[in-house]
Structure formats: structure tokens, C-alpha cells
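Please open the model in your viewer and display it as a cartoon, with side chains available on selection. The tour proceeds by selection, one stop at a time.

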Amino acid sequence: LTISQIVYHDLLGIRSKHAKIFSELLRKPQTVLETLKLMNAITNDSRGRAYLLTKPNLLDEIVNVMIKEEGDTETRQNCLGIIQKFTLRSEPQKRLIELDVIMWIINVFVIEGAQISEYTLEYGLAYP
């Protein structure tokens, strides 16, 4: 299965007005991490980023999941990776500024300091 096939056939129901697949998967503790891993993989491709960003409020949902996570978990790391890749586009950059994600990242660095992973450090610093 390729990104093109996922996007073309809307396999994740992102463009469907009635489907709430991703929102539901992000709300369930037993599926959130695997959903974020899939999204993180999809955002490696520009077509995947464009596809995911067609879902209204998806960015807000990911930010909410990230902020609620306590500690430098794999869940929070995947959220940060997705968000950083979304910032390659100007609209998500503006929305993340509105959501005050930059200050949140700074606070994570200050509070958690040496305990943060290389992944969090790399993606947190790469945030524009």
C-alpha cells in the first residue's frame, strides 16, 4: 500500500464528511499510539501531509493529544514529529502559533531538560 493509494482512495476517511475514523482512534487509549505512528509515516510524503491536512481540526486534535501527554512518551514524540512536518506549510504554521505550541515546546525543554529524548530534541528544535 502506497501513500498515493491511501490518498486516492481516501482509505482513512479523511475527506469524508461523515467519517470520524481518525478522531475516534485518537480518543481511544488502545489505538492512539498506532494511529499516530501511521500518521507520522504518512506525513513523510508531501501528498500525505496534504491529505491529512484536508481534515478540519486534525492539527488541533494532535496538539491536544501531545499537550495532555505526561513525559517524553512515544505518543508525544509522534505528535511532535507530525506537527513538525506539517509546519512545512504556512497555514499549519499559523495555526500552531495561535495554539502557542512554541511556548509549550520551550517549557518542555526547560522543565524536562536532560530527560528528553534525542527525537524530541531534534523535532522540537526543527519547529519553525
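The stops below lead from the nonpolar core to individual helices, helix pairs and loop residues of this predicted model.

**Stop 1: the nonpolar core**

Begin by selecting Leu-36, Met-39, Leu-52 and Ile-62. These are the residues with the most contacts inside the largest nonpolar core, a set of 31 residues. At least two residues of this core come from each of helix 1 (3-8), helix 2 (21-27), helix 3 (32-42), helix 4 (46-52), helix 5 (58-68), helix 6 (74-86) and helix 8 (101-112). The greatest contribution is that of helix 5, which supplies six residues. In soluble globular proteins, nonpolar side chains tend to be buried together.

Keep Met-39 selected and show its surroundings. Leaving aside residues up to four places away in sequence, Met-39 touches Phe-22, Leu-52, Leu-58, Ile-62 and Ile-82.

**Stop 2: helix 5**

Next, select helix 5 and colour it by accessibility. Eight of its eleven residues are buried, so helix 5 is largely enclosed by the rest of the structure. The buried residues to highlight are Leu-58, Leu-59, Asp-60, Glu-61, Ile-62, Val-63, Val-65 and Met-66. They pack against helix 2, helix 3, helix 4, helix 6, helix 7 (90-98) and helix 8.

Which residues surround Glu-61, not counting those up to four places away in sequence? Glu-61, found in helix 5, touches Ser-23, Leu-26, Lys-55 and Pro-56. Its relative accessibility is 16%, and Glu-61 therefore counts as buried, the limit being under 20%.

**Stop 3: helix 3 against helix 6**

Now show helix 3 and helix 6 together. Their axes are 9 Å apart and the two helices pack at an angle of about 30°. Helix 3 and helix 6 are therefore roughly parallel to each other, since angles under 35 degrees are classed in that way. Their crossing is left-handed. To display the contact, select Leu-33, Leu-36, Lys-37, Met-39 and Asn-40 on helix 3, and Glu-74, Thr-75, Asn-78, Cys-79, Gly-81, Ile-82 and Lys-85 on helix 6. Two of the core residues from the opening stop, Leu-36 and Met-39, thus reappear here among the helix 3 contact residues.

**Stop 4: helix 9**

Move to helix 9 (residues 118-126) and select Thr-120, Tyr-123 and Gly-124, which are buried. These residues lie on the same side of helix 9, because they cover an arc of only 100° around the axis. An α-helix has 3.6 residues a turn, so residues three or four places apart point the same way. Glu-118, Glu-122 and Leu-125 are exposed, and they sit on the face of helix 9 turned away from its buried side.

Against which helices do the buried residues of helix 9 pack? Their partners are helix 6 and helix 8.

**Stop 5: helix 6 against helix 9**

Retain helix 9 and bring helix 6 back into view. The axes of this pair come within 9 Å and cross at roughly 25°. That angle makes helix 6 roughly parallel to helix 9. The crossing of helix 6 and helix 9 is left-handed. Helix 6 enters the contact through Arg-76, Gln-77, Leu-80, Gly-81, Gln-84 and Lys-85, and helix 9 through Tyr-119, Thr-120, Tyr-123, Gly-124 and Ala-126.

Select Gln-77 within helix 6. Gln-77 is buried, with a relative accessible area of 15%. Apart from residues up to four places away in sequence, Gln-77 touches Asp-72, Ser-117, Tyr-119 and Thr-120. A distance label drawn from Gln-77 to Ala-126, C-alpha to C-alpha, should read 13 Å, for two residues that are 49 apart in sequence.

**Stop 6: two loop residues with positive phi**

Finish in the loops. Most residues other than glycine have a negative phi, and most peptide bonds are trans. Select Asp-10, in the loop between helix 1 and helix 2: although not a glycine, Asp-10 has a positive phi of about 45°. Then select Asp-100, in the loop between helix 7 and helix 8, where phi is again positive, near 60°.

Is each of these residues buried or partly exposed? Asp-10 is buried, with a relative accessible area of 17%, whereas Asp-100 is partly exposed, at 46%.

Notes. Residues numbered from 1 in each chain as written. Predicted model: local features only at pLDDT ≥ 70, side-chain atom pairs only at ≥ 80, totals over all residues. Heavy atoms only, no water. Core = buried A, V, L, I, M, F, W, Y, C linked by side-chain atoms within 4.5 Å. Buried < 20%, exposed > 50% of the residue type's maximum accessible area, 1.4 Å probe, protein only. Helix = DSSP H or I, 4+ residues; strand = E, 2+ residues; numbered from the N terminus. Contact = heavy atoms within 4.5 Å. Arc of directions from axis to C-beta. Axes fitted to C-alpha atoms, helices over the stretch in contact; angles between N-to-C directions. Parallel < 35°, antiparallel > 145°, perpendicular 65-115°, else oblique. Left-handed = near helix turned anticlockwise from the far one by under 90°.
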